[in-house]
Amino acid sequence: MITVEVLEPDELRAAYDLFAATILFGPATDASWPHAAALYTPGRALGVRDDRDPAQLVATATAFGSRLAVPGGADLPMAAVTRVGVRADRTRRGLLTAMVHHQLRDAAERGEVVAALRASQSRIYGRFGYGVATRGRGVRVRRSGAGWRDCAPRGGDVRMVARADVLDVLPAVHERIALFRPGGMTRPDGWWSTMLAGDVAGAEVLLAAVHTGPDGDDGYAVATLADPREDFERRPLAVSDLHAADVQATAALWRFLLDVDLTGAVEAHLRPLDEPLELMLTDRRDCMVTSAGDETWLRILDVPAALAALPCAGEPVRLAVHDGLFPANSGVYVLGDGPARRVDAAPELACDVAALAMAYLGDTAPSALAAAGWWRVHDADALARADRLLGGDVLPWCGTYF
Ligand SMILES: CC(C)(COP(=O)(O)OP(=O)(O)OC[C@H]1O[C@@H](n2cnc3c(N)ncnc32)[C@H](O)[C@@H]1OP(=O)(O)O)[C@@H](O)C(=O)NCCC(=O)NCCS
């Protein structure tokens, strides 16, 4: 019998240190702990104790509240799951399973329509109904290349932000544009404290800049130098955070980063798959794609509410959804004929809740999921309709690590 407990405030540092150890990181220091502590929400940190020594935690997970942008412009309450770990000598005994079940039920009771996380390994979370809902790519743009095409967008003014002002300026810019694109999420203050304050305080070299467009500040970039002592011609500027409202702001911020002297390249991880960098460069091979991978793993907790939040115009499709953990989600839904609703009729298509998450934000088309066996097809004509209903105008992307 595994007992999952809600941790008390005085247990959070031990929980954090346990999590850090499971990803082979060191424990919090007295200086870093106040930053790390800020991401814990009271009542949301979970733990499992060692049955031989109840003073010791052997498993932990937590979540914070956020909002997720979905296609069509709506946004939904979301549990952002993070700091999940099981002590290495207690893995593969069901501790994670017990915590995930507890956590998803708790999130659903709080009225959160979806939960999301970043997965350290891709085989962990599918069994709990999570599916890959956004992806990104790593890029490395060399500075010694042929530069920008004459007709590439230039954007507006870019101004640098002093290190001391970063945490005063950037959160407001992010909040303004966070939900512009499906897959985007809001960040609580604790996110900034945990994820950026460390860089702001600790990085030897930190560059931050804000872009101003016709309607005010609409993008920013933060970058660091991993090793300032490397050769000036080679050392890469590493982008840790770059959000922009549109292609003008995107171009202006990348131009700024590439104009910084004495670096060899600008690198970034998990950028949007459709960020048009190579299209803006004279030699498209100046932008090398260094990686591609999953970003948001999404778990739809309330299928009726999630489907009803999508745009509702189009040729209707009847979709059966199966959810082994939350049976109330299982049923046949009609999409595209007004807000999605449950119907008592035979389905044309069927999927489980994880495969629904893969299509939900527009990342992977139902036809692609059907071709690979993730969706089942009872009426082939319905696939093209489902592609039109669930495919957004832009690829979803989040851009927030947690
Ligand atoms: C990943 C981790 C949390 C799994 O915890 P756990 O308590 O071992 O998980 P469970 O025992 O509940 O496993 C449930 C199932 O998932 C499988 N599973 C769990 N982790 C897996 C992994 N990394 N690879 C493949 N399968 C895995 C288990 O084999 C088990 O399958 P079964 O029911 O068919 O036997 C734990 O190994 C860990 O802390 N790893 C390091 C830190 C980390 O990666 N944290 C996650 C951050 S996103």
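Q: How far from an oxygen atom of the ligand does a polar side-chain atom of Ser120 lie?
A: This is a predicted model, in which local features need pLDDT of at least 70 and side-chain atom pairs pLDDT 80 or more, while totals for chains, interfaces and linings use all residues. Residues are numbered from 1 along each chain as its sequence is written, and side-chain values use heavy atoms, with hydrogens and water left out. A polar contact is a pair of N or O atoms within 3.5 Å, and for Ser120 and the ligand oxygen the distance is 2.6 Å.

Q: Which residue has an N or O atom in its side chain 3.1 Å from a nitrogen atom of the ligand?
A: The backbone also takes part in holding contacts with the ligand, since a polar backbone atom of Gly94 is 2.8 Å from a ligand oxygen. The contact at 3.1 Å, by contrast, involves a ligand nitrogen and the side chain of Gln121.

Q: Which residues come nearest to the ligand?
A: Around the ligand there are 19 residues, counted when one of their heavy atoms lies within 4 Å. The nearest of these are Val86, Arg92, Gly94, Thr97 and Ser120.

Q: Where does the largest pocket lie with respect to domain 1 (5-117) and domain 2 (136-294)?
A: A pocket is an open set of points on a 1 Å grid over the protein atoms alone, where a 1.4 Å probe fits, with protein on both sides within 12 Å along at least five of seven lines. About 1,500 Å³ of space, as filled by probe spheres set on the points, lies in the largest pocket, and 50 residues line this pocket, with Phe19, Thr22, Ile23, Val84 and Ser120 closest to its centre. Both domains, whose bounds come from an automatic or database assignment, give residues to the lining, so the pocket lies between them.

Q: How many residues of the lining of the largest pocket are charged?
A: Here Asp, Glu, Lys and Arg count as charged. The lining has 27 nonpolar and 13 polar residues, and the number that are charged is 10.

Q: Which residues lie nearest the centre of the second largest pocket?
A: The volume of the second largest pocket is about 520 Å³, and its lining divides into 10 nonpolar, five polar and seven charged residues. From the 22 lining residues, those nearest the centre are Val239, Ser240, Asp241, His269 and Tyr401.

Q: What volume does the largest cavity have?
A: A cavity is a set of points where the probe fits but cannot get out, and lining residues have an atom within 4 Å of a point. Leu307, Pro311 and Gly336 are among the residues lining the largest cavity, whose lining divides into eight nonpolar, two polar and no charged residues. There is one cavity of 30 Å³ or more, and the volume of the largest cavity is about 70 Å³.

Methods. Polar contact = N/O pair within 3.5 Å; in protein donor to acceptor, adjacent residues only side chain to side chain.
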